[in-house]
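Here is a short tour for anyone about to work with this protein. Please have the sequence and the 3D view open as you read.

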Amino acid sequence: MSSAAVWPPLSDEDLKREIEDTQRCELEWLLNEIQGSLASLKSGLEECVALLAPKEPGSTLALSSVRSESVKGFVTRVGTRIVKGDIALRLPTLPPPRSLPSYPLHIENPLSLPQLSNLLTLLNQSLDIIDISTWTGDPQNGSFIAGQLRLLADTIDEARQTLKGGEDTAGGKWWEDSSAEDTFLPPHPPTLSTHLSILDAALVLHIRTLLYHHEENTSISGLSLRQRLGLAPKIPDHDETEQLFQYKGQEVKVREKVRVESQDPALMAVMAKLSALGHGVAVWRHSLAIVMGITDEEDGS
C-alpha cells in the first residue's frame, strides 16, 4: 500500500487554519453563485405576477356540468376578479322563473377571488425577500442568506398551497365566502349559494340549494307540485347531506350540491413555475447547509 503525505508536514494549528480558509473560500464562492441564482428566481416570480395581472380580455372559462344540463355557462377572469359571466341552472330544487327553461345567473358586479389576491400578495413578498437579500442585507453573510432562503422557501410554498386550495385557504369556506346576492342580476334567492374558488389551479364553482333549519320540519316547504307528487327527478346524494352549517347567521342544510370546474391555463402555468422555483430554492438551501455545517434542525427544515 502507498500513502500520500503533505510536505513539509503541517502542524495541527496550521492544518486547522488551512481547512478554515478552504471552507471560507467555498462559502464565498457559493454565496456569489446564490446571488446569481436570485436574479433568475426573481425573473420567474415576476413572470408569475404577470400571469395574474389584470390584462384584457382576460381568460374566458367554460363552467358546465359534463353529463347533465345542471350547469351551463362561462365566466371571464381578469386578474384576481371574475368580471363577467352567464350561467344557466337546471336543478330539481331550484324552479326557474316563469316562462324560462332554466334559472339564469348573470354576473352584474365583479367578484373578487380571495385566493388569487392572497397569492399575488405572497408573490410580491417573495420579490421583496429577494431584493432584501440582494441589496439591503449583507449578501456575503452566510447566516443571513440562509435565513432569507428559508423565508423565501416558506413563502413560495405558501403560495403553492394557496393555488392548491382547500377549506384552509383564503375564501375556501363556502358558508363564509359564498358570492353576495347582488353579484348577480337578478339577485339570486337566499336559498341559493354560489361559491367560486381555486382548487389545484382550476376554477371551481359549487352550486348549493339550501334548506334553513327552522324550515326543515315544515311539510312541503320549498317543494314544487311535481316534487310533492314524486314526479320530479330524484335529487342526487352528496357529501354534505346531513351536515348543518352556519350561513349568514342561520343554520342551514344543503339540499342539492353541484360542482363544476374549468382548468385555467394561466393558473396552471403559475403552479408549474412555483414548483420549479421552490425546488431551486431547496437545492441552494441544501448546498449552503452542507458548506456551513448546518443541520436540518438548525436550518428549520
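At the start of helix α6 in this predicted model, a side-chain oxygen of D264 comes to within 3.1 Å of the backbone nitrogen of A266. The helix itself covers residues 265-292. Its 28 residues, at 1.5 Å a residue, should span 40 Å, and because the end C-alpha atoms lie 41 Å apart, the expected and modelled spans agree. Just after α6, G293 adopts a positive phi of about 70 degrees.

Which residues of α6 are buried? They are A266, L267, V270, M271, L274, L277, V281, R285, L288 and A289. In soluble globular proteins, nonpolar side chains tend to be buried together. Here, the largest nonpolar core has 55 residues, and L274 and L288 are among those that touch the most other members, along with L89, L119, L163, L203 and I207. Apart from that core lies another one of seven residues, including L210, Y212, F245 and V254.

Take a closer look at L288. Leaving aside neighbours within four places in sequence, L288 is in contact with L27, L30, L31, I34, G142, I145, A146 and L149.

Now for the whole chain. The secondary structure comes to seven helices and 10 strands, and the table gathers some overall values.

| Feature of the protein chain | Value |
|---|---|
| Buried share of the 301 residues | 38% |
| Share joining residues at least 24 apart, among contacts between residues at least 6 apart in sequence | 65% |
| Exposed area | about 16,700 Å² |
| Share of exposed area from carbon and sulfur atoms | 54% |

Note on methods:
Residues numbered from 1 in each chain as written. Predicted model: local features only at pLDDT ≥ 70, side-chain atom pairs only at ≥ 80, totals over all residues. Heavy atoms only, no water. Helix = DSSP H or I, 4+ residues; strand = E, 2+ residues; numbered from the N terminus. Expected span 1.5 Å × (residues − 1). Buried < 20%, exposed > 50% of the residue type's maximum accessible area, 1.4 Å probe, protein only. Polar contact = N/O pair within 3.5 Å; in protein donor to acceptor, adjacent residues only side chain to side chain. Contact = heavy atoms within 4.5 Å. Areas by Shrake-Rupley, 256 points an atom, 1.4 Å probe, with all protein chains shown as cover. Core = buried A, V, L, I, M, F, W, Y, C linked by side-chain atoms within 4.5 Å.
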